[in-house]
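Colleague: Could you take me closely through a single part of this model, and then place that part among the features that surround it?

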Amino acid sequence: MKKRKTVTLTATLLTTLALLGGCGEKPSAEETSKAPSTEQTQEQAETSADTTASDEAMAGKPAPAAMSRGPLSETVDYGIPEEGVMRSMTLSDPSGNLYYVDVNTGTFFTAPIPEDLTDAQGNPLTPDAIKAGCVVDIYGNGMMLESYPGQYPGTTKMVLVKEGTAQDAAPYQYLVDEISLPADPSEPPSMNAEYRTDLVAATVVLTRGNYEWNYTDENGEPQNVIACGSHILAWPELNDIHIDESVPNGLDLTLLSSYKPETVTVTRFPLDSWHKDSSTELEVLPGEAVEVRNTDMGYAITAEAGYVYLVEASWAEGNAEFGFYTK
C-alpha cells in the first residue's frame, strides 16, 4: 500500500499559493480525494534546500583537527611542504575513486593525477602508484573550486612523499564515507551551477523547491512523491551568485546534476520582486524566458546581476524546480 505524508503549510504560504498558480495552486476537494501520491510541502522542500545550502557552506572549510591523528591516536607529523603546495593524505571510495585531505589544513578535495608524477627522488611513477594511505605533495595553480569536496582541477605536479596503506588513511576515511551514502530515492537529484572567471572558479548548490518524483521503495512498490509549495518569489531562502565587473556581458553558468535532465527551462524575475509583501504584485508579475544551451558539459545559461532565476528540470522519473539569485 502506498504511503501518505502530509505536512501543514503555514498561513502565509497558503495565501501565496492560491494566487500564484502552477504547483502552488490549491487543489480542489475532488482532486485531493483522487490523488494517489505521497505529498510533501514547501516546508519539507525548504528543509532539503537548507541541507544543500549547508553543504555549500562547508565548501573549502577544513576538516576537524582530530583527523590528523593516527590509528593509535598518536599525533602524526607529516611535515610542512614548501609554500603553495598541499601535503595530502590519499583516500579512496568503494569504487576506487581517489580523494585527498590536506594533512595540515584539513581541506578535503578531489584532484586529477597529472602527467608529472614522481617519487621524492624525482623518479617518474605511473598513476597506479597512488593509493589510499599514500601521502603526496600536490602542486597547482592554487584555484580550488568552491564545492564540497573541493575540486582542484589545476593540478600540475604530484610527488609521492610517503607510501602507505588503508590503515594510514583510516582516521580520515569518514569524510569519504559521508559523501558516499546512497541518494534518497524519493527525491530528485540536486543541481549545481558551475562557473569560472578570471578571478574565481566556483560551484554553487542551487536551492531546491517544488518537485514530483516517482520511485520504487524497498518493498518493490511504486511510489509518487509530490513536494508542492509556493512560487519561487515566495521561497524564504535562495542561494546567491555574485556577478562582478569582470564579466560585463553576464556570467556563463553550467547547470549540473548527478545525471543530466532530459529538459531544462529557465525563467528569471527582477530581484526586487522577491519577497514582495503584496500578493497582487506577485500574481501579475511576468517572468522572462532565459536562453538555455544544451552543451556536452551540461545545460548552460548566461546570468546577469539583479535577478531571481527559476530552473525547471525534468527526468524520466519526474521533475523539480531549483532557484538562485544574482547580485
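**A close look at Trp-315**

Modeller: Bear in mind throughout that this is a predicted model. I will take Trp-315 as the part to look at, a residue that is buried because its relative accessible area is 5%, under the 20% that marks the limit for that term. Trp-315 belongs to strand E19, which covers residues 307–315. Its surroundings, leaving aside residues up to four places away in sequence, consist of Pro-188, Pro-189, Trp-213, Ser-257, Tyr-259, Lys-260, Pro-261, Glu-262, Ala-320 and Phe-322, each of which Trp-315 touches. For one of these neighbours, Pro-188, the C-alpha atom is separated from that of Trp-315 by 8.6 Å, although the two residues are 127 apart along the chain.

Another of the contacts, Trp-213, deserves separate attention. A search of the whole structure finds eight aromatic pairs, and Trp-213 and Trp-315 form one that is edge-to-face, with 5.6 Å centre to centre and 80 degrees between the planes. This pair links distant parts of the chain, since Trp-213 lies in strand E11 (residues 207–216) and Trp-315 in strand E19, 102 residues apart. Both partners, Trp-213 and Trp-315, are buried. The rings of Trp-274 and Tyr-325 offer a further example, with centres 5.1 Å apart and planes at 40 degrees, so this pair is tilted. Trp-274 is placed in the loop between strand E15 (263–270) and helix H6 (279–284), while Tyr-325 is in strand E20 (residues 318–326), so the pair ties together parts that are 51 residues apart in sequence. Trp-274 and Tyr-325 are likewise buried. Elsewhere, ring pairs join Tyr-100, Phe-109 and Tyr-152 into a cluster.

Returning to strand E19, one can follow its part in the nonpolar interior. The largest nonpolar core has 31 residues, of which Leu-255 and Val-311 touch the most other members. Strand E19 gives the most to this core, with five residues. Val-311 touches Met-191, Leu-206, Leu-255, Val-264, Thr-265, Val-266, Ala-320, Glu-321, Phe-322 and Phe-324, again not counting residues up to four places away in sequence. Ala-320 and Phe-322 are therefore contacts of Val-311 and also of Trp-315, which is itself buried. The ring of Tyr-307 has a charged neighbour, for Arg-268 lies over its face at 3.8 Å from the ring centre.

Met-191, named above among the contacts of Val-311, leads on to strand E9 (residues 191–196). In a regular strand the side chains alternate between the two faces of the sheet. Strand E9 shows a covered face made of Met-191, Ala-193 and Tyr-195, and an uncovered one made of Asn-192, Glu-194 and Arg-196. E9 pairs with strand E14 (residues 251–257) in the antiparallel sense over four bridges, and within that pairing Glu-194 stands opposite Thr-254 in E14.

Finally, for the wider setting, seven strands form an open sheet of mixed pairing in the order E5-E8-E6-E2-E3-E4-E7. Strand E5 (117–119) and strand E7 (150–151) are its edge strands, each pairing on one side only. E5 runs parallel to its partner, strand E8 (residues 155–162), over three bridges, and Thr-118 stands opposite Val-159 in E8. Lys-157 lies over the face of Tyr-139, at 4.9 Å from the ring centre. As for the cysteines, a search of the whole structure finds zero disulfides; Cys-134 counts as buried because its relative accessibility is 2%, whereas Cys-228, at 23%, counts as partly exposed.

Definitions and conventions
Residues are numbered from 1 along each chain as its sequence is written. This is a predicted model: local features need pLDDT of at least 70, side-chain atom pairs count only at pLDDT 80 or more; totals for chains, interfaces and linings use all residues. Side-chain values use heavy atoms; hydrogens and water are left out. Two strands pair if DSSP finds at least two bridges between them. Helices (H or I, at least four residues) and strands (E, at least two) are DSSP runs, numbered from the N terminus. Buried means under 20% relative accessible area, exposed over 50%, partly exposed in between (1.4 Å probe, protein chains only). Contact means heavy atoms within 4.5 Å. A nonpolar core is a set of buried Ala, Val, Leu, Ile, Met, Phe, Trp, Tyr and Cys residues joined through side-chain atoms within 4.5 Å. A disulfide is a pair of cysteine sulfur atoms within 2.5 Å. Rings of Phe, Tyr and Trp (its six-membered ring) pair if their centres lie within 6.5 Å; planes under 30 degrees apart count as stacked, over 60 as edge-to-face and the rest as tilted. A charge sits over a ring if NZ of Lys or CZ of Arg is within 6 Å of the ring centre and within 35 degrees of the ring normal.
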